[in-house]
Amino acid sequence: MKRCILHSDLNNFYASVECLRRPELRTVPIAVCGSFEDRHGVVLAKNMPAKAKGVKTGEVFWQARKKCPGLVSVPADFPAYVAVSKAVREIYSRYTDRIEPYGIDECWLDVTQSRYLFGEGEDIANSIRETVKKEIGVTVSVGVSWNKIFAKLASDLRKPDAVTVIDEQNFRTLAWRLPVSELLYVGKATAKKLSVMGIATIGDLARADEGDLISELGKWGSVLHAYANGWDDAEVSLTDSRREVKSVGNSLTSYRDLTTPEDVRMLILMLSESVASRITEKSLGRAKAIRINVTDNALFRYGKQEKLISPARSAK
């Protein structure tokens with residue numbers, strides 16, 4: 001039986017939760033920020049009115065407010081986001097036990113066997129979309145495909161509150177025309193190397209010589225070539241699978257260079273809040289060490305690691 005994989009992505013998640021808690025904000029442009037009092041916080045999420053004004057995730061609030069003078073800053077509340085995320089995953093569990101989180105707001109679902117009970121993949125995706133909106137009050141975009149990579153790609157194609165199918169009949173017209181940077185795991189550095197090779201789209205990558213890709217990117221070139229062609233057989237993990245977790249991390253690509261100590265402090269605090277919430281959510285105990293990795297604007301990466309004086313799970 002051909003697999004059926006969904007990728008469900010909660011739309012503008014942090015901002016959607018804040019609008020859910022305060023309905024009066026739904027028609028007002030808002031930005032969820034890491035710092036509320038001094039208005040220098042990094043924008044973590046924005047709602048649709050703010051997005052329409054050009055506000056982007058990763059820029060600082062004062063910058064965003066230049067584009068959108070009426071922009072309202074809302075402080076991030078990670079425990080609230082975790083609670084909503086859990087409620088949404090409970091809905092997913094009504095359809096399958098194969099649910100693999102990809103961050104707090106995204107999940108893959110394997111509904112291959114679920115089709116016997118709930119209809120085809122697109123039907124299940126629409127049922128999930130409608131149920132989440134009705135019961136929780138937030139929206140999701142769901143991608144449907146026969147593999148995880150294209151399911152993720154499909155969920156990004158139409159937002160918000162939409163279902164998109166990428167199947168073996170249409171993937172060349174839907175997926176292959178997209179910029180190669182849209183493919184999962186193709187970051188800026190990889191996209192730059194591919195551009196030098198004349199590879200601009202996912203279709204270019206799929207049609208490229210695998211040997212040339214390996215010469216330029218190593219084994220990863222072969223993996224990306226397979227992904228671009230839809231040759232992805234990675235399984236969706238069972239909900240109750242227990243894999244040993246040795247580390248928890250989070251990252252963010254800033255919209256601009258961080259030039260002041262305050263910029264850096266707020267970004268680290270925001271990432272720390274997210275990591276602390278995940279440690280608590282997964283009951284992982286306390287962290288014994290911390291590591292920070294930085295990639296500069298020349299794509300040079302460096303990091304530093306230190307043991308904590310005493311184990312902790314607090315962001316501060």
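How many bridges join strand β1 to β6, and in which sense do the two strands run? In this predicted model, β1 (residues 5–10) and β6 are joined by 5 bridges and run antiparallel. Within that pairing, Ile5 stands opposite Asp110 of β6.

Some overall figures help to place this pair. The protein has 316 residues, of which 45% count as buried. Its secondary structure comes to 13 helices and 10 strands. Taking contacts between residues at least 6 apart in sequence, 56% join residues at least 24 apart.

Strands β1 and β6 belong to an open sheet of 5 strands, whose order is β5-β6-β1-β7-β8 and whose pairing is mixed. At its edges are β5 and β8 (163–165), each of which pairs on one side only. From one strand to the next, the twist averages 20°.

The mixed pairing can be followed strand by strand. Strand β5 (residues 99–101) runs antiparallel to β6 and is joined to it by 3 bridges, with Glu100 standing opposite Trp108. The hairpin formed by β5 and β6 has 4 residues between the strands, and Gly103 in this hairpin takes a positive phi near 85°. Towards the other edge, β7 (residues 140–145) and β8 run parallel and are joined by 3 bridges. There, Gly143 has Thr164 of β8 as its bridge partner.

Strand β6 (residues 106–110) deserves a separate look. It is mostly covered, with 5 of its 5 residues buried. In a regular strand, side chains alternate between the two faces of the sheet. In β6, Glu106, Trp108 and Asp110 point one way, while Cys107 and Leu109 point the other way. The residues on both sides of β6 are buried, the charged Glu106 and Asp110 included.

A second open sheet has 3 strands in the order β3-β2-β4, again with mixed pairing. Strands β3 (43–46) and β4 (72–75) stand at the edges with a single partner strand each, so one side of each has no neighbour in the sheet. Neighbouring strands here are turned by 35° against each other on average, with direction ignored. Strand β2 (residues 30–33) pairs with β4 in the parallel sense over 4 bridges. One residue pair in this arrangement is Ala31 with its bridge partner Ser73 in β4.

Helix α1 (residues 13–21) lies across β2, β3 and β4, and runs at about 110° to β2. Is this helix enclosed or open to its surroundings? Because 7 of its 9 residues are buried, α1 is largely enclosed by the rest of the structure. The buried residues are Phe13, Tyr14, Ala15, Ser16, Val17, Glu18 and Cys19. What covers them includes strands β1, β2, β3 and β4 together with helix α4 (78–92). The cover of α1 therefore includes β1 of the 5-stranded sheet as well as the strands of the 3-stranded one.

The packing of α1 with α4 can be described in more detail. Two packed helices are described by the angle between their axes and the distance between those axes. For α1 and α4 the angle is about 95° and the axes are 10 Å apart. That makes α1 roughly perpendicular to α4. On the α1 side the contact is made by Phe13, Tyr14, Val17, Glu18 and Arg21, and on the α4 side by Phe78, Ala80, Tyr81, Val84 and Ser85. These residues divide into 7 nonpolar, 1 polar and 2 charged.

Another helix pair lies further along the chain. Helix α9 (residues 188–196) packs with helix α11 (residues 210–217) at an angle of about 130°, their axes 11 Å apart. The two are therefore oblique to each other, and their crossing is right-handed. Helix α9 contributes Thr190, Lys193 and Leu194 to the contact, and α11 contributes Leu213, Glu216 and Leu217. This contact divides into 3 nonpolar, 1 polar and 2 charged residues.

One loop residue completes the tour. Where is Thr57 placed? Thr57 is in the loop between α2 (48–52) and α3 (61–67). With a relative accessible area of 29%, Thr57 is partly exposed. Its C-alpha atom is separated by 5.4 Å from that of Leu44, although the two residues are 13 apart along the chain.

Note on methods. Residues are numbered from 1 along each chain as its sequence is written. This is a predicted model: local features need pLDDT of at least 70, side-chain atom pairs count only at pLDDT 80 or more; totals for chains, interfaces and linings use all residues. Side-chain values use heavy atoms; hydrogens and water are left out. Axes are lines fitted to C-alpha atoms, for helices over the stretch in contact, and angles run from 0 to 180 degrees between N-to-C directions. Angles under 35 degrees count as roughly parallel, over 145 as roughly antiparallel, 65 to 115 as roughly perpendicular and the rest as oblique. A crossing is left-handed if the near helix is turned anticlockwise from the far one by less than a right angle, and right-handed if clockwise. Contact means heavy atoms within 4.5 Å. Two strands pair if DSSP finds at least two bridges between them. Buried means under 20% relative accessible area, exposed over 50%, partly exposed in between (1.4 Å probe, protein chains only).
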